[in-house]
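Subject: Structure for you to look at

Hello,

Here is the structure I promised to pass on. Please open it first, then read my notes below.

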Amino acid sequence: MSGLRVLYVEDNEYNRKIVRQLLSRTSYQLLEAADGEEGVAMAQRELPDLILMDVQLPKLSGLDATRRLRADPRTAHIPLVVVTSFALSGDDRRAMDAGASAYLAKPYSPRDLLALIRKLLPENRAGS
Ligand code: MN
């Protein structure tokens with residue numbers, strides 16, 4: 001049960017598999033949710049150390065899920081990265097307006113994602 005916990009909210013199984021494989025080579029523990037409502041519920045229950053949030057999600061969009069988590073004092077402080085394919089549509093600005101800590105546009109390389117995770121949540125952080 002050691003290791004910092006990363007919650008990935010993503011409906012695309014292929015993308016979840018990529019991130020699962022990426023983090024399996026690190027000390028991070030991955031939690032997964034496949035829609036926005038499940039993502040909010042899991043974040044509130046598990047209080048992960050970092051959240052990766054897709055935008056296009058069933059039931060509740062990633063931006064609405066982000067707003068809910070930012071409005072909840074239990075989860076408001078958790079670093080949250082919004083990941084989306086639609087940088088050119090203004091989702092990047094909307095993600096930051098919704099309270100995201102950072103924004104990552106698809107397509108991204110696994111190396112980019114891991115670098116961003118490590119920047120927001122250094123793997124060797126003690127005492128967590
Ligand atoms: Mn999606």
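Start with the helices: α1 passes α5 in a right-handed crossing. Bear in mind that this is a predicted model.

Helix α1 covers residues 13–24, and helix α5 covers residues 110–120. Their axes come within 11 Å and cross at roughly 60°. That angle makes α1 oblique to α5; roughly perpendicular would begin at 65 degrees.

Which residues meet there? From α1 come I18, V19, L22 and L23. From α5 come P110, L113, L114 and I117. The contact of α1 with α5 has eight nonpolar residues, no polar ones and no charged ones.

Now the metal site. The model holds a manganese ion, coordinated by D11 (OD), D54 (OD) and Q56 (O). The distances run from 2.0 to 2.2 Å. Along the chain, the donors follow the spacing D-x42-D-x1-Q.

Where do the two aspartates sit? D11 lies in the loop between β1 (5–9) and α1. D54 lies in strand β3, residues 50–54. The pair therefore ties together parts that are 43 residues apart in sequence.

Are these two aspartates buried or exposed? They fall into separate classes. D54 has 3% relative accessibility, so D54 counts as buried; the cut-off for buried is under 20%. D11 has 36% relative accessibility, so D11 counts as partly exposed.

To find both places in the viewer, go to α1 and α5 for the helix contact, and to D11, D54 and Q56 for the manganese ion.

Best wishes

Key. Residues numbered from 1 in each chain as written. Predicted model: local features only at pLDDT ≥ 70, side-chain atom pairs only at ≥ 80, totals over all residues. Heavy atoms only, no water. Axes fitted to C-alpha atoms, helices over the stretch in contact; angles between N-to-C directions. Helix = DSSP H or I, 4+ residues; strand = E, 2+ residues; numbered from the N terminus. Parallel < 35°, antiparallel > 145°, perpendicular 65-115°, else oblique. Left-handed = near helix turned anticlockwise from the far one by under 90°. Contact = heavy atoms within 4.5 Å. Nonpolar A, V, L, I, M, F, W, Y, C, P; charged D, E, K, R; others polar. Donors = N, O, S within 2.8 Å, 3.2 Å for Na, K, Ca; no water. Buried < 20%, exposed > 50% of the residue type's maximum accessible area, 1.4 Å probe, protein only.
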